[in-house]
Amino acid sequence: MIDWLLFPLKIRFSRDKQFYKLAKDIFGIYPNNIELYKLALIHKSASVVFENRNINNERLEFLGDAVIETIVSDMLFIEFPEEDEGFLTQLRSKIVSRASLNRLARRLGIDKYLISQNNYHQNTKKNIYGDALEALMGALYLDQGYNTANRLFINNIVHQYIDLDNLLEMETDFKSRLIEWCQQHRRQVIFENAPSTDPSAVEQQFSSIVLIDGQPKGYGIGDSKKEAEQRSAKNALGEMKLLNKLQMRHR
């Protein structure tokens, strides 16, 4: 009991106190293994080489991605008992999307702790902060177990920073909406994708053009083909004056 009461005082004078503070601010806990949380904040651009291996947060990011998706799936399954699989899948995708997690990580202040090369910090198009949030969730899972990770993510993050009612009103699957509209109106829609040739891009990006009846209607760039297609579809819907109508219909 005495050791537990003195633990915060010991942390205050630890050389890793900033990492303890981050874990306390975000999750409300004092970590058992602070090295996991430190590793979660090392981007691959700042990898540490140890025994011919690059040490960074990619493995924890892989694990944390699955942990977050499982937690959100559990939460939505309980929260919306009358909804079908399609509804749950779409709402989950809005919560765990790369853009959503990246914005959330910034609100949590993770961007101030992430260790990376300067050009990655300056490239705001990348989702490195969301990736770090996933890695931190992987660290939390290994350090505290699934039940604790589940409770802390829902109570300290979802309930504090995510407005489910607002997400329910948001339309993000622009590609499906565009394809649905084209099928209803007997229009041919084609997505042409290719690697982006933007010389300023730090990492590989993709471009997408939407052709409707052979005419270009939208263009988008993203970190993946899927993201580029969604952006080009959104632009096409806007060009065709359909975006507002579709958003209103799905509210």
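Which residue in β4 is the bridge partner of Ala194? Keep that one in mind while we walk through this predicted model; the sheet comes first.

Three strands make up an open sheet, running in the order β3-β4-β5 with antiparallel pairing. On the edges sit β3 (189-195) and β5 (215-222), each of which pairs on one side only. From one strand to the next, the twist averages 20°.

Now for the opening question: Ala194 has Ser207 as its bridge partner in β4. That bridge belongs to the β3 and β4 pairing, where β4 covers residues 206-212 and the two strands run antiparallel over seven bridges. Another pair to look up is Val189, whose bridge partner in β4 is Ile212.

Ser207 also leads across to the other edge, since its bridge partner in β5 is Ile221. β4 and β5 pair in the antiparallel sense, again over seven bridges. Follow the chain between these two strands and you hit a hairpin with two residues between them, where Asp213 takes a positive phi near 55°.

What packs on this sheet? Helix α11 (residues 174-184) does, touching β3 and β4, and its direction makes about 145° with that of β3. Helix α12 (residues 225-239) packs on the sheet too, touching β3, β4 and β5, with its direction at about 140° to that of β5.

That brings us back to β4. Six of its seven residues are buried, meaning under 20% relative accessible area, so β4 is largely enclosed by the rest of the structure.

Technical notes
Residues are numbered from 1 along each chain as its sequence is written. This is a predicted model: local features need pLDDT of at least 70, side-chain atom pairs count only at pLDDT 80 or more; totals for chains, interfaces and linings use all residues. Side-chain values use heavy atoms; hydrogens and water are left out. Two strands pair if DSSP finds at least two bridges between them. Helices (H or I, at least four residues) and strands (E, at least two) are DSSP runs, numbered from the N terminus. Axes are lines fitted to C-alpha atoms, for helices over the stretch in contact, and angles run from 0 to 180 degrees between N-to-C directions. Contact means heavy atoms within 4.5 Å. Buried means under 20% relative accessible area, exposed over 50%, partly exposed in between (1.4 Å probe, protein chains only).
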